[in-house]
Amino acid sequence: MTEPLDVAKLQRRLAEFAAARDWQPYHTPKNLVAALSVEASELVEIFQWLTPEESARVMDDPDTAHRVTDEIADVLAYLLQLCEVLGVDPLTALSAKIDRNERRFPAPWGARPWGARP
């Protein structure tokens, strides 16, 4: 049986992978941000000239779906490595950001779940 995945386990695997190859000296915040940007650009490239309708169906083609999945994995890998190096808990950071956005951009009263008021 496979263990459930979680962010901390994935970060440990990424750190162990880099350590086994002596890559830690290159995993500086600057380099990780640059690599993250490159990988995000490779994901953008897949969608660049697609119509909105074509982009919604991108996972229908197995070859394209594989490319999209790989690029998403690369983006996430570099983001998790950056968080590890900087000491940022990505889930805590995301939760706090959602909280701030909910305050900054309140949903209209009728759009709240079950008609709840703020």
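# Close-up views of a predicted model

Ala40 is partly exposed, with a relative accessible area of 30%. All views below come from a predicted model.

**View 1. Ala40 of helix H2 beside Val75.**
Ala40 lies in helix H2, which covers residues 29-47. Its relative accessible area of 30% falls between the 20% limit for buried and the 50% limit for exposed, so Ala40 is classed as partly exposed. Val75 is 35 residues from Ala40 along the chain. The C-alpha atoms of Ala40 and Val75 are nevertheless separated by 5.9 Å.

**View 2. Ala77 of helix H4 and Ala35.**
Ala77 sits in helix H4, which runs over residues 62-86. Its relative accessibility is 19%, so Ala77 counts as buried. The limit for that class is under 20%. Ala35 is 42 residues from Ala77 in sequence. In space the two are 10.0 Å apart, C-alpha to C-alpha.

**View 3. Glu71, a buried charge without a salt bridge.**
Glu71 belongs to helix H4. Glu71 is buried, yet it makes no salt bridge. Which side chain of opposite charge is nearest to Glu71? It is Arg67, 6.4 Å away. A salt bridge requires a side-chain nitrogen of Lys or Arg within 4 Å of a carboxyl oxygen of Asp or Glu. Leaving aside neighbours within four places in sequence, Glu71 contacts Glu39, Glu42, Leu43 and Ile46. Two acidic residues, Glu39 and Glu42, are thus among its contacts.

**View 4. Thr64 and Ala65, consecutive buried residues of helix H4.**
Thr64 is placed in helix H4, and Ala65 lies in helix H4 as well. Thr64 has a relative accessible area of 19% and is therefore buried. Ala65 is also buried, with a value of 12%. Residues up to four places away in sequence are not counted in the contacts that follow. Thr64 touches Ile46 and Val58. Ala65 is in contact with Val58 and Met59. Val58 therefore appears in both contact lists. Ile46 is 19 residues from Ala65 along the chain. The C-alpha atoms of Ala65 and Ile46 are separated by 9.9 Å.

**View 5. Asp22 in the loop between H1 and H2.**
Asp22 is found in the loop between H1 and H2. Which backbone angle stands out at Asp22? Its phi is positive, at about 55 degrees, although Asp22 is not a glycine. Asp22 has 57% relative accessibility, so it counts as exposed.

**View 6. A nonpolar surface patch that includes Tyr26.**
Phe17, Trp23 and Tyr26 make a nonpolar surface patch of about 340 Å². Tyr26 is found in the loop between helix H1 (7-20) and helix H2 (29-47). Is Tyr26 buried or exposed? At 55% relative accessibility, Tyr26 counts as exposed, because that class begins over 50%.

**View 7. A positive surface patch that includes Lys97.**
Lys97, Arg100, Arg103 and Arg104 form a positive surface patch. Lys97 is found in helix H5, residues 90-104. Its relative accessibility is 36%, so Lys97 counts as partly exposed. Residues of a patch need over 30% relative accessible area and no salt bridge. Lys97, at 36%, is over that limit.

Technical notes: Residues are numbered from 1 along each chain as its sequence is written. This is a predicted model: local features need pLDDT of at least 70, side-chain atom pairs count only at pLDDT 80 or more; totals for chains, interfaces and linings use all residues. Side-chain values use heavy atoms; hydrogens and water are left out. Patches are made of residues with over 30% relative accessible area and no salt bridge: like charges are joined within 9 Å, nonpolar side chains (Val, Leu, Ile, Met, Phe, Trp, Tyr) within 5 Å. Accessible areas come from the Shrake-Rupley method with a 1.4 Å probe; for residues, only the protein chains shown count as cover. The place of a charge is taken as NZ of Lys, CZ of Arg, CG of Asp or CD of Glu. Helices (H or I, at least four residues) and strands (E, at least two) are DSSP runs, numbered from the N terminus. Buried means under 20% relative accessible area, exposed over 50%, partly exposed in between (1.4 Å probe, protein chains only). Contact means heavy atoms within 4.5 Å.
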